[in-house]
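Trainee: Could you take me through one part of this model in detail? I would like to see how a single helix sits in its chain and what it meets.

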Amino acid sequence: MAADDLTQLITANRAKGGRHSPVYCWMRTRHDALAAAIEADGASWPTIASMLVKAGLADGTGKPPTPERARKCWHQVRKDVAAARANAEEKRKLHVSIPIAAAALLPSPMPREPWRPVDRPPDVSPSDQPAADGGEDLLARLRRKINERSGRT
Amino acid sequence: MARVETTEIETGGGAGVPTKRAPVLAVRLGRGRTGGTTLLDFLIQRARNQGREIIVADGDRRNADLAGLHPGAMQPPTDETGDVKEWITAVLIRMAETGRSVALDLGGGDRVLSEYGKDLALTEFCAEIGAQPLALLCMGPDPSDFEHVLSLVRAGYFAPGRSVLVLNENLVPANRTAAAAFEPIVTRGDFAELVKAGARPIYLPALACMDHLRTRGLGFYAAIAGERGTSGEVMDPVRRFMVKKWIARLERELAEVGVMDWLP
């Protein structure tokens with residue numbers, strides 16, 4: 001999958017959900033860096049809009065973003081990120097840790113759709129081959145190292 | 001910063017010549033505070049010291065230690081799964097576009113990886129763009145650290161052929177030896193199974209002056225090269241020697257288990 005395909009993946013996912021425009025997603029993904037740049041140098045919305053157009057990003061109507069739309073979108077992103085962070089902070093405060101003994105009784109989480117093995121073998125180098133002795137040497141080496149560090153040599 | 005020779009074991013591009021190699025997606029997994037940040041930080045500095053550029057990505061917003069050490073690091077805007085997923089995509093786009101390796105800290109990582117795996121199989125994607133995925137599975141002597149690693153591996157969220165099991169000495173309680181502390185883990189049958197399946201176990205030695213380095217804003221290689229940290233201080237010769245020996249020891253660990261060409 002090439003980078004272009006990945007960009008399409010974002011766009012396609014958004015199209016499915018239909019909640020946010022590509023410009024919004026782009027700004028939200030880069031929120032911290034963009035906020036720092038705007039704070040340091042000020043916001044030139046014509047420049048930012050031109051950069052977004054060059055990147056092939058569209059606003060909520062599917063059109064190239066104007067400076068004014070870019071500014072409004074950024075305003076919305078800042079508001080949403082601030083709200084999400086406040087929400088996360090609130091959840092953290094309310095979070096009650098599960099006692100270790102109780103946690104040990106819980107089953108490991110299982111994915112609903114586990115990953116499948118790759119269809120084609122990956123490129124391998126000699127170091128990718130499993131140890132011929134079933135890893136006995138590696139385990140013995142590890143124990144030796146730990147013993148050395150523990151003064152057991 | 002000039003390249004710093006640190007060990008008798010040469011690593012990668014000798015004589016200061018950066019080695020051209022496939023980009024590596026190095027993902028740190030495991031419970032928090034198990035030494036993952038230290039190892040990733042070392043690998044980042046090591047790559048840069050050898051002339052290779054690397055993208056630093058810290059997805060652990062609750063303990064953004066890696067981003068604290070590398071101010072230009074990519075970070076998700078929040079720790080909400082949706083935001084982190086979008087952010088991982090942005091990190092992958094940058095890797096694909098630049099051909100640079102990535103050091104990715106996902107914290108506990110299981111929730112995000114299980115969700116992300118539904119959109120894009122990371123190991124397959126790496127194969128597609130010619131990158132090599134690497135899982136760094138970090139743990140201390142607490143058996144639940146290993147249980148967490150085991151659950152991640154078994155769930156298959158991110159299970160590349162290249163995995164390193166990292167046993168962190170720094171977490172050994174002061175009143176115990178490393179041997180006694182780690183014995184319950186390294187003697188387990190399922191630990192041996194992981195090694196038999198190809199995971200490489202290494203021992204991450206403790207560095208006594210780590211806090212000294214951090215508080216003075218000094219990198220490992222900058223410290224031994226006698227450079228000034230953000231505090232303006234130069235590392236004293238005793239601690240400089242400690243750092244040098246630590247790097248050499250860690251390099252030897254990595255070389256002895258045969259993972260030098262797996263690293264970013």
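Mentor: Among the contacts in chain B with a separation of 6 or more, 76% are between residues 24 or more positions apart. This is a predicted model, so please read everything here in that light. Chain B has 264 residues, and 52% of them are buried. Its secondary structure comes to 11 helices and 6 strands.

Let's settle on helix 3 of chain B, which covers residues 81-98. Its 18 residues reach 26 Å from the first C-alpha to the last, close to the 26 Å expected at 1.5 Å a residue. Just after this helix, B:G99 takes a positive phi of about 70 degrees.

Now look at burial along helix 3 of chain B. An unbroken run from B:D83 to B:L92 is buried, and B:M95 and B:A96 are buried too. That list includes charged residues such as B:D83, B:K85 and B:E86.

Next, turn to the partner in the other chain. Helix 2 of chain A, residues 22-29, has an axis that comes within 9 Å of the axis of helix 3 of chain B, and the two cross at roughly 85 degrees. Angles of 65 to 115 degrees count as roughly perpendicular, and these two helices are therefore described that way. On the chain A side, the contact is made by A:C25, A:R28 and A:T29, while helix 3 of chain B brings B:D83, B:E86, B:W87 and B:A90. By type, the residues of this contact divide into 3 nonpolar, 1 polar and 3 charged. The four from helix 3 of chain B also appear among its buried residues.

Conventions
Residues are numbered from 1 along each chain as its sequence is written. Chains are lettered from A and ligands numbered from 1 in the order in which they are written. This is a predicted model: local features need pLDDT of at least 70, side-chain atom pairs count only at pLDDT 80 or more; totals for chains, interfaces and linings use all residues. The expected span of a helix is 1.5 Å times one less than its number of residues. A residue is buried if 20 or more other C-beta atoms lie within 10 Å of its own, exposed if 12 or fewer, and partly exposed in between; C-beta atoms are placed from the backbone. Two residues are in contact if their C-beta atoms, placed from the backbone, lie within 7 Å. Axes are lines fitted to C-alpha atoms, for helices over the stretch in contact, and angles run from 0 to 180 degrees between N-to-C directions. Angles under 35 degrees count as roughly parallel, over 145 as roughly antiparallel, 65 to 115 as roughly perpendicular and the rest as oblique.
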